[in-house]
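Here is a short report on two loop residues and one pocket. Please read it beside the model.

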Amino acid sequence: MNNNSSFIDRLNKWLRESITVKLFVIGILILILLIPARMVEDLIIERESLRDTAIADISSKWGGMQLIGGPVLTVPYTISIKNERNEIENIIQYAHFLPKTLNIKGQLFPEKRYRGIYVVVLYNAKLKLEG
């Protein structure tokens, strides 16, 4: 009985002092804690996907992104060139003229639209362009 007790004492002392056992336990704890971390990551990805869907759905009904540009005057003109067979070809090209100055004045009116827990901000604008 004394021999068995000393074995248990030695085993207990080895478990408390062994760096290998401590590293093994830390590794197991890390692996166990990766499970809830992955679950939270999956939830974040799912919520981002739902947010993107809500934004796309609401934006599609309002026309999507808009780009505002100034006036451009386009003037067609014809040039004559000789081709490989020494025949004269007329080609229509276009010259584009932009204004020297462009003033855009306007007011921007944000509007909030709700889709479930998601809020999408849409913008309405009244603009005055001078060029």
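The text below takes the loop residues in turn, then the pocket. The model is predicted.

**Ser18.** Ser18 sits in the loop between α1 (2-17) and α2 (19-61). Its relative accessible area is 9%. The cut-off for buried is under 20%, so Ser18 counts as buried. The Ser18 side chain also makes a contact, reaching the backbone nitrogen of Thr20 at 3.4 Å.

**Asn83.** Asn83 lies in the loop between β1 (73-82) and β2 (88-97). Asn83 is buried because its relative accessibility, 13%, falls under 20%. A polar atom of the Asn83 side chain is 3.0 Å from the backbone nitrogen of Arg85. The Asn83 side chain also joins the side chain of Glu89 in a polar contact of 2.9 Å.

The contacts of both residues are listed here.

| Side chain | Partner | Distance |
|---|---|---|
| Ser18 | Thr20, backbone nitrogen | 3.4 Å |
| Asn83 | Arg85, backbone nitrogen | 3.0 Å |
| Asn83 | Glu89, side chain | 2.9 Å |

**The largest pocket.** The volume of the largest pocket is about 350 Å³. It is lined by 14 residues, and Gly64, Met65, Gln66, Leu122 and Tyr123 are the closest to its centre. Which strand gives the largest share of the lining? Strand β4 (residues 118-130) does, with six residues. By class, nine lining residues are nonpolar and five are polar. No charged residues line this pocket.

Methods:
Residues are numbered from 1 along each chain as its sequence is written. This is a predicted model: local features need pLDDT of at least 70, side-chain atom pairs count only at pLDDT 80 or more; totals for chains, interfaces and linings use all residues. Side-chain values use heavy atoms; hydrogens and water are left out. Helices (H or I, at least four residues) and strands (E, at least two) are DSSP runs, numbered from the N terminus. Buried means under 20% relative accessible area, exposed over 50%, partly exposed in between (1.4 Å probe, protein chains only). A polar contact is a pair of N or O atoms within 3.5 Å; within protein, one must be able to donate a hydrogen and the other to accept it, and residues adjacent in sequence count only if both atoms are side-chain atoms. On a 1 Å grid over the protein atoms alone, a cavity is a set of points where a 1.4 Å probe fits but cannot get out, and a pocket is an open set with protein on both sides within 12 Å along at least five of seven lines; lining residues have an atom within 4 Å of a point. Grid points are joined across faces, edges and corners, and a volume is the space filled by probe spheres set on the points. Ala, Val, Leu, Ile, Met, Phe, Trp, Tyr, Cys and Pro count as nonpolar, Asp, Glu, Lys and Arg as charged, and the others, Gly among them, as polar.
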